[in-house]
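Please examine the protein shown here. The dialogue after it concerns the reading of its features.

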Amino acid sequence: MMGNKVSLAISLFLVTLSFNTQAENVDFDRWYIKAGLGHIEPKSGNGNLTPGTLDVGSSWGPTATISYFVDPNWAIDVLLGLPFRHDLSIGGKEIGSTKHLPPTVSVQYHFNPAGSIRPYVGFGVNYTALFSEKLIGAGDLQLGNSFGLAAQLGVDVPVVDKWTVGADLRYIDIDSKASLNGTNIGTVNIAPLVFGLNVGYKF
């Protein structure tokens, strides 16, 4: 399964390179940076662990993206951000917390790059690093890192010169192996929806 996902990531990269060879003589802004705020909403009932059903709480945090346009429609996008913190609970009782970083690389298609409303879609891969797990009381909780697919819908609206405002919605496939005191206790299927608001600049 991991090999298939790596192959898909390589294929996406090669596709963008092929578009770049067709757009070398076209004059357009190639770089696009955005900064904003993201809300991560994990699915409910994230995992049936040995102690019970684990729930991962939602979280807000600052985000940033860097995009490189290989032609006016196609772009390679990288999602960045500071660590997001999530509360963990079992049966409605808080048991601890964790943090994670979800860098995501996507290939985007922008439908109306010169219009007053600029929708786009994206598809790519995500690597999520989970760390700083803390339990209330005794015990050592460990959540494994995750590699999965990601999809995106978004829209940008130009406001002045090269500045834009925008919003996007992402789905990220995040599955984490959980262990307690070194013993495997199950898999946490976080699979969040990520809603973001941003301000962008193209150059």
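What follows is a dialogue between a learner and a teacher.

Q: What kind of model is this, and how are residues numbered?
A: This is a predicted model, in which local features need pLDDT of at least 70 and side-chain atom pairs count only at pLDDT 80 or more, while totals for chains, interfaces and linings use all residues. Residues are numbered from 1 along each chain as its sequence is written, and side-chain values use heavy atoms, leaving out hydrogens and water.

Q: How many helices and strands does the protein have?
A: Helices (H or I, at least four residues) and strands (E, at least two) are DSSP runs, numbered from the N terminus. Here there are one helix and 15 strands.

Q: How many salt bridges are found in the whole structure?
A: Side chains of opposite charge can pair when their charged atoms come close. A salt bridge requires a side-chain nitrogen of Lys or Arg within 4 Å of a carboxyl oxygen of Asp or Glu. The search finds five. In one of them, Asp156 pairs with Lys34, with the closest N and O atoms 3.0 Å apart. This pair links distant parts of the chain, for Asp156 lies in strand β11 (residues 146–160) and Lys34 in strand β1 (residues 31–41), 122 residues apart.

Q: Is Asp156 buried or exposed?
A: Buried means under 20% relative accessible area, exposed over 50%, and partly exposed in between (1.4 Å probe, protein chains only). Asp156 is buried, at 2%, and Lys34 counts as buried at 10%. By contrast, Arg85 and Asp87, which meet in a salt bridge at 2.7 Å, N to O, are partly exposed, with 45% for Arg85 and 34% for Asp87.
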